[in-house]
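Here are some exercises to try with a protein model. Have a go at each task on your own, then follow the worked solution step by step.

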Amino acid sequence: MQLKSHFYNIIRILLLFVFVGLLVGCQSVFNPYEGKAVKAHNNIPLLEGGPHQGVWETSEVSFKYSFVRNSDKLELSGDLALYAASHWTYELIDNLFFRVSFIDSDGKLIDSRVLWSTVYGNYFYQWNLKQRTLDLPPNTAARGFSYMGRVREAGSQGTELNLWHSPLG
């Protein structure tokens, strides 16, 4: 009976190690960029007060924004436009996730949150993002933006284009 009890304890300890290992391993899956250096062009200083205006653009997306920073809060709004759909031959937006990234004074990514998203055959290419109030992570000195999504031509044989811009550049 004593041997059986030791055997169960060893199994429990092994399962605990496996569970902890899975949790640690999954952290990089949920936020793979955390703690990594952000490229200078995507490291935009986060000034106190406001409102402050800015424009962030890539070849696929434009975001004209306004923000106010009050200590540990960020109020952010703006107009998001998808060039990839409006200027090219892609009619449908299958999905688009637009994120704001929070960066520390060393240029390392602290956190990233979805600011706006759309899914399933959207025909719109411009959106007005209403004011959002976000809690800033401690030590936030800058912010950046990123996105991922897919657009395609209409029809079952339409060409697809994957969109992606990492906070790391």
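Before we start, two terms will help: two strands pair if DSSP finds at least two bridges between them, and helices (H or I, at least four residues) and strands (E, at least two) are DSSP runs, numbered from the N terminus. This is a predicted model, where local features need pLDDT of at least 70, side-chain atom pairs count only at pLDDT 80 or more, and totals for chains, interfaces and linings use all residues. Residues are numbered from 1 along each chain as its sequence is written, and side-chain values use heavy atoms, with hydrogens and water left out.

**Exercise 1. Find the pattern of helices and strands along the sequence.**

Step 1: Count the elements; the protein has two helices and nine strands.
Step 2: Read along the sequence, and you get α-β-β-β-β-α-β-β-β-β-β.

**Exercise 2. Work out the strand order in the open sheet of four strands.**

Step 1: Begin with β2 and β3, which a hairpin of three residues joins. These two strands pair in the antiparallel sense over seven bridges, and one of the partnerships puts Trp 56 with Phe 63 in β3.
Step 2: Go on to β3 (residues 61-70) and β4 (residues 73-82), an antiparallel pair with ten bridges. Here Val 61 stands opposite Leu 82 in β4.
Step 3: Put the order together: β2-β3-β4-β7, with antiparallel pairing. β2 (49-57) and β7 (126-135) are at the edges with a single partner strand each, so one side of each has no neighbour in the sheet.
Step 4: Add the angle; on average, neighbouring strands of this sheet are turned by 15 degrees against each other, direction ignored.

**Exercise 3. Decide whether Ser 101 is buried or exposed, and list its contacts.**

Step 1: Locate Ser 101 in strand β5 (residues 92-103).
Step 2: Recall the cut-offs: buried means under 20% relative accessible area, exposed over 50%, and partly exposed in between (1.4 Å probe, protein chains only). Ser 101 counts as buried because its relative accessibility is 0%.
Step 3: Look for contacts, meaning heavy atoms within 4.5 Å. Leaving aside neighbours within four places in sequence, Ser 101 is in contact with several residues, including Leu 109, Ala 142, Arg 143 and Pro 167.
Step 4: Check for a polar contact (a pair of N or O atoms within 3.5 Å; within protein, one must be able to donate a hydrogen and the other to accept it, and residues adjacent in sequence count only if both atoms are side-chain atoms). The side chains of Ser 101 and Ser 112 make one, at 3.4 Å.

**Exercise 4. Describe the surroundings of Thr 159.**

Step 1: Thr 159 lies in the loop between β8 (142-152) and β9 (160-165).
Step 2: With a relative accessible area of 41%, Thr 159 is partly exposed.
Step 3: Not counting residues up to four places away in sequence, Thr 159 touches Tyr 90, Val 151, Arg 152 and Glu 153. Thr 159 and Tyr 90 are 69 residues apart in sequence, but 7.9 Å apart in space, C-alpha to C-alpha.

**Exercise 5. Which elements have the lowest and the highest mean pLDDT?**

Step 1: pLDDT is the predictor's confidence in each residue, from 0 to 100. The protein's mean is 79, and 75% of its residues reach 70 or more.
Step 2: Helix α1 (residues 2-30) has the lowest mean pLDDT (58), and β3 the highest (92). Over residues 24-30 the pLDDT is below 50, and this stretch has zero contacts in the model beyond near neighbours in sequence.
Step 3: Where pLDDT is low, the predicted coordinates should not be read in detail.

Terms used
Axes fitted to C-alpha atoms, helices over the stretch in contact; angles between N-to-C directions.
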